[in-house]
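Please open the model in your viewer, with a cartoon for the backbone and sticks ready for side chains. The tour moves from one selection to the next and says at each stop what is there.

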Amino acid sequence: MDTTQIETTTMELPRFGSCTFREDEVLTFPWGLPGFGHLRRFLALHLEEQEHFIWLQSLDDPSVALPTCNPFHMFPDYQVKLPEYAVSSLDLKRPEEFVFLGIVIVGPNASDMTMNLLAPVIVNLRTRTGRQVTLEGSGYSVRTPVPRKAPAPAQASTTATAGA
C-alpha cells in the first residue's frame with residue numbers, strides 16, 4: 001500500500017461545479033466571518049477568467065462563495081496598520097507569510113463594484129488561518145468603489161502607408 005498517496009475530497013459547488021481539494025488547502029476561520037459566523041472552513045479558488053479575484057468558497061455551506069481581491073492591486077495607496085489582536089491571534093510573524101483580501105460586492109448590473117477596505121480578511125499562509133479585521137480609525141469604508149480600467153487607447157490606423 002502506498003502511504004504517500006494524498007487524500008482528496010471532491011465536492012459539487014453550485015457556482016463552480018465539481019471541485020477536488022486536499023485537506024491542507026483548506027483555510028480555517030476560527031472566528032467565522034461577519035454575517036457568516038457559523039462558516040469556518042473555506043477554499044481560496046482562482047479562476048483563469050477572473051485573474052484578479054479569489055473566491056472564498058465555504059466548505060460548510062457550498063452555496064456561499066465570496067469574491068475577494070488583493071486590495072493593494074486595486075488601491076495602490078492602501079495602507080494598513082494591523083491591530084495587535086490580529087497580529088497575535090493569527091500568529092503573524094513575517095509579511096511574506098500572510099495575505100490581505102478585500103471582500104468585493106458586485107452591483108446588480110456587474111458594472112458597479114465596491115470593496116470592503118475597512119475590514120480586510122487576513123490569511124496566514126503558514127497556518128492557513130484567517131480572520132476579518134476591522135481597521136479602526138483608518139477612515140476606510142466598507143463600500144469603497146472599485147476603480148474601473150481606463151479604456152484602451154485607440155490603435156493607430158493600419159491603413160497608413162510608410163513614408164506618407
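Two strands are taken to pair if DSSP finds at least two bridges between them. With that criterion in hand, and bearing in mind that this is a predicted model, select residues 8-13 and residues 17-22, which are strands β1 and β2; they run antiparallel and are joined by six bridges. The two strands form a hairpin with three residues between them, and at the turn end you can pick out Leu13, which stands opposite Gly17 in β2.

**The whole chain**

Before going further, step back to the full cartoon, where the protein chain shows two helices and eleven strands. Following the elements from the N terminus on, you pass β-β-β-β-β-β-α-α-β-β-β-β-β, with both helices placed between the sixth and the seventh strand. If you colour by accessibility, buried residues make up 38% of the 164 residues, while the chain as a whole exposes about 10,500 Å², of which carbon and sulfur atoms supply 54%. Among contacts with a separation of 6 or more, residues 24 or more positions apart account for 51%.

**From the first hairpin to strand β5**

Now search for aromatic pairs, of which the whole structure holds six. Select Phe16 and Trp55, whose ring centres are 5.4 Å apart and whose planes meet at 70°, so that the pair is edge-to-face. Because Phe16 lies in the loop between β1 and β2 whereas Trp55 belongs to strand β5, this pair ties together parts that are 39 residues apart in sequence. The two partners differ in their cover: Phe16 is partly exposed, with a relative accessible area of 22%, but Trp55 is buried, at 8%.

Stay on strand β5, which spans residues 50-58, and select Leu56. Is Leu56 buried or exposed? Leu56 counts as buried because its relative accessibility is 0%. Showing its surroundings brings up contacts with residues from several stretches of the sequence, including Leu27, Phe29, Phe42, Val64, Leu101 and Val121. A distance drawn between the C-alpha atoms of Leu56 and Pro67, which are eleven residues apart along the chain, reads 6.4 Å.

**The aromatic cluster**

Next select Phe72, Tyr78, Phe98, Phe100 and Tyr140, which ring pairs link into a cluster. Within this selection, Phe98 and Phe100 are both buried. A separate stop concerns a charge and a ring: select Arg131 and Trp31, and you will find the charged end of Arg131 over the ring of Trp31, 4.1 Å from its centre.

**Two nonpolar cores**

In soluble globular proteins, nonpolar side chains tend to be buried together. Which residues touch the most other members of the largest nonpolar core? That core has 19 residues, and Leu82, Met115 and Ile122 are the ones to select. Strands β7 (98-106) and β8 (113-115) are the elements that give two or more residues to this core, and β7 gives the most, with three. Centre the view on Leu82 to see its contacts, among them Val87, Leu92, Phe98, Phe100, Ile122 and Leu135. A second, separate core of 13 residues includes Phe42, Ile54, Leu56 and Val123, so that the Leu56 visited earlier can be selected again here as one of its members.

**Strand β9 and its neighbours**

The last stop is strand β9, residues 121-124. In a regular strand the side chains alternate between the two faces of the sheet. Turn β9 so that both of its faces can be inspected in turn: Val121 and Val123 lie on one side, Ile122 and Asn124 on the other, and all four are buried, so both faces are covered. To one side, β7 and β9 pair in the antiparallel sense over four bridges, with Val99 standing opposite Val123. Strand β10, residues 129-132, also pairs with β9 in the antiparallel sense over four bridges, and here Val121 stands opposite Gln132. End the tour at the hairpin that β9 and β10 form, with four residues between the strands; select Arg128 in the turn, which has a positive phi of about 60°.

Conventions:
Residues numbered from 1 in each chain as written. Predicted model: local features only at pLDDT ≥ 70, side-chain atom pairs only at ≥ 80, totals over all residues. Heavy atoms only, no water. Buried < 20%, exposed > 50% of the residue type's maximum accessible area, 1.4 Å probe, protein only. Contact = heavy atoms within 4.5 Å. Areas by Shrake-Rupley, 256 points an atom, 1.4 Å probe, with all protein chains shown as cover. Phe/Tyr/Trp six-rings, centres within 6.5 Å; stacked < 30°, edge-to-face > 60°. Lys NZ or Arg CZ within 6 Å of the ring centre and 35° of its normal. Core = buried A, V, L, I, M, F, W, Y, C linked by side-chain atoms within 4.5 Å. Lists of a residue's contacts leave out its neighbours within four places in sequence.
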